[in-house]
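The following exercises are to be worked with the sequence and the three-dimensional structure in view. Each task is followed by a solution in steps.

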Amino acid sequence: MFESLSERLSGVFERLTSRGALTEDDVRTALREVRVALLEADVSLPVARDFVRRVQEKATGQAVTKSVTPGQQVVKIVHDELVAVLAGDGAEIGRLKIDNPPAPILMVGLQGSGKTTTTAKLAKRLKEVEHKRVLMASLDTNRPAAMEQLEILGRQIGVDTLPIVKGETAQAIARRAKQQALLGGYDVYMLDTAGRLHIDAELIQQAAEVRDIVSPRETLLVVDGLTGQVAVEVAEEFDDKIGITGVVMTRMDGDGRGGAALSMRAVTGKPIKFVGTGEKMDALEEFHPERIAGRILGMGDIVALVEKAQATIEAEEAERMMKRFQKGRFNMNDLKMQLEQMLRMGGMEGIMGLLPGMGKMQKQIAEAGFDDKVIRHQIALINSMTKKERANPQILQASRKKRIARGAGLEVQDLNRLLKMHRQMSDMMKKLGRMGKGGALKQAMR
Ligand code: GDP
């Protein structure tokens with residue numbers, strides 16, 4: 001999967017990383033090529049446009065990390081954006097909600113998408129990897145062959161199927177499956193709904209009725225990855241009409257352009273949970289955004305290099321800061337660095353939890369309603385100070401305060417709060433420093 005996209009992108013980035021210095025023009029040209037490559041891979045236009053815009057913003061806004069080239073850094077930014085666009089908020093990927101047995105899983109999708117095959121593949125996986133007892137049932141009453149196909153696959157993988165009763169409606173089969181799953185002590189029961197060549201009212205109606213009968217824990221849409229944008233459109237429509245919890249994209253072993261996988265999450269908001277990579281029963285993979293992004297970009301070495309360089313620099317920064325704290329120095333630049341780190345680490349609680357003796361203050365701050373917005377305001381206030389003021393906040397009197405607050409678009413009150421926090425923190429730093437060099441603080445900064 002993704003071969004041609006991967007080839008295109010690695011071409012762009014090889015050119016970029018082979019240079020020592022990059023101009024803004026170099027980056028712009030490269031990103032234009034990235035955009036074309038994404039569109040050729042059938043990524044939807046808004047997604048491709050957004051992607052390039054975000055990379056551009058980050059590439060121009062970020063200071064270049066020591067010991068890597070700007071080109072390498074751009075590769076890392078592109079990699080991170082690929083992961084972000086594939087993962088969304090990252091929740092729920094590769095995992096199925098199957099607590100509270102028997103957990104119903106509804107499988108929906110168009111005919112020929114690989115729905116029946118995927119149902120069996122997933123059942124096999126649940127049985128072998130998660131050690132679940134699974135029952136499968138086909139609701140495709142229009143196509144007896146489809147019902148038999150599931151039965152045959154079930155025998156092949158050693159998973160039970162609900163006995164076929166001729167002339168039953170899909171709704172009746174769903175009820176019987178639910179009951180059988182309960183009585184038979186199954187952990188999971190999977191319903192393979194009828195597929196059509198196109199989404200039509202009857203198909204949707206039936207799927208919706210079945211959904212209301214069993215209240216599925218997961219409603220998985222199976223789409224054919226080879227159909228590109230159409231797969232994304234199908235997902236939007238199914239989600240709109242029935243509500244889906246995730247997507248399984250099949251035929252990712254083929255030479256499809258793969259762009260649908262990149263658009264899916266951004267367009268539908270639903271995660272791809274698994275991908276089908278062949279006809280065999282074990283040709284199913286969990287969808288790992290990191291791994292897929294790595295495969296698309298094919299530049300894992302560079303990504304690792306930049307990560308390492310960034311980690312080293314953060315460690316050096318922390319070491320430097322620690323030395324200053326031990327001498328009892330803690331100015332506005334230090335505070336700004338702390339605040340920025342808090343934002344990166346997911347807010348106040350992340351960083352404060354790392355420092356000893358900060359628990360109490362953390363609580364106070366939390367009670368004062370300290371959130372990301374407040375942190376950003378405080379950073380704006382510090383940015384509005386002169387170099388001299390940042391180094392010696394003691395010199396701030398009324399007129400300077402007014403100027404600073406105005407510069408940040410905030411009130412003097414806000415600045416006073418910041419100054420109070422700075423005083424408290426610097427007192428604490430002094431105490432911690434006195435606790436002995438190489439003492440608690442040093443431990444904590446490790
Ligand atoms: P359904 O009509 O949606 O139930 O589709 P089927 O499960 O019957 O699958 C249709 C065909 O696609 C079968 O020949 C499957 O073996 C094949 N198929 C399903 N998933 C994959 C996949 O991930 N890769 C490949 N290469 N073939 C697949």
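The model is predicted.

**Exercise 1. Overall composition**

Task: State how many helices and strands the protein chain has, and what percentage of its residues is buried.

Solution. Step 1: The protein chain contains 20 helices and 8 strands. Step 2: Of its 446 residues, 39% are buried. Step 3: Consider the contacts between residues at least 6 apart in sequence; 75% of them join residues at least 24 apart.

**Exercise 2. The sheet**

Task: Give the order of the strands in the open sheet, and identify the edge strands.

Solution. Step 1: The open sheet has 8 strands in the order S3-S2-S4-S1-S5-S6-S7-S8, and its pairing is mixed. Step 2: Strand S3 (160-161) and strand S8 (284-286) are the edge strands, as each pairs on one side only. Step 3: For one pair in detail, take S6 and strand S7 (residues 272-276): these run parallel and are joined by 3 bridges. Step 4: Val 247 has Ile 272 in S7 as its bridge partner. As a general principle, strands of a sheet pair through backbone hydrogen bonds, either parallel or antiparallel.

**Exercise 3. The nonpolar cores**

Task: Determine which residues touch the most other members of the largest nonpolar core, and where this core lies with respect to domain 1 and domain 2.

Solution. Step 1: The largest nonpolar core has 93 residues, of which Met 190, Leu 191, Ala 235 and Met 249 touch the most other members. Step 2: Helix H4 gives the most to this core, namely 7 residues. Step 3: Domain 1 (3-90 + 298-302) and domain 2 (103-287) both give residues to the core; therefore it lies between them. Step 4: Another core, of 11 residues, lies apart from this one and includes Leu 339, Ile 382, Ala 405 and Leu 415. Step 5: To examine one member of the largest core, leave out residues up to four places away in sequence; Met 249 then touches Val 223, Gly 225, Ala 231, Ala 260, Ala 261, Ile 272 and Val 275. In general, nonpolar side chains tend to be buried together in soluble globular proteins.

**Exercise 4. Two residues with positive phi**

Task: Decide whether Ser 215 and Arg 251 count as buried or exposed.

Solution. Step 1: Ser 215 lies in the loop between helix H8 (201-214) and strand S5 (218-224). Its phi is near 45°, a positive value in a residue other than glycine. Step 2: Ser 215 counts as exposed because it has 9 C-beta neighbours inside 10 Å, and the cut-off for exposed is 12 or fewer. Step 3: Arg 251 is in the loop between strand S6 (246-250) and helix H10 (259-268). Phi of Arg 251 is also positive, near 60°. Step 4: Arg 251 has 21 C-beta neighbours inside 10 Å and therefore counts as buried, since the cut-off for buried is 20 or more.

**Exercise 5. The ligand shell**

Task: Describe the residues that surround the ligand by number and by class.

Solution. Step 1: The ligand is surrounded by 18 residues, the closest being Gly 114, Lys 115, Thr 116, Thr 117 and Gly 276. Step 2: By class, the shell has 1 nonpolar, 13 polar and 4 charged residues. Step 3: Helix H5 (residues 115-128) supplies the largest share of the shell, 3 residues.

**Exercise 6. A cis peptide bond**

Task: Locate the cis peptide bond that joins Pro 101 and Pro 102.

Solution. Step 1: Omega of this cis bond between Pro 101 and Pro 102 is about -5°. Step 2: Pro 102 is in the loop between helix H4 (70-87) and strand S1 (103-109).

Technical notes
Residues numbered from 1 in each chain as written. Predicted model: local features only at pLDDT ≥ 70, side-chain atom pairs only at ≥ 80, totals over all residues. Helix = DSSP H or I, 4+ residues; strand = E, 2+ residues; numbered from the N terminus. Near = placed C-beta within 6 Å. Nonpolar A, V, L, I, M, F, W, Y, C, P; charged D, E, K, R; others polar. Core = buried A, V, L, I, M, F, W, Y, C linked by C-beta atoms within 7 Å. Domains from an automatic or database assignment. Contact = placed C-beta atoms within 7 Å. Pairing = 2+ DSSP bridges.
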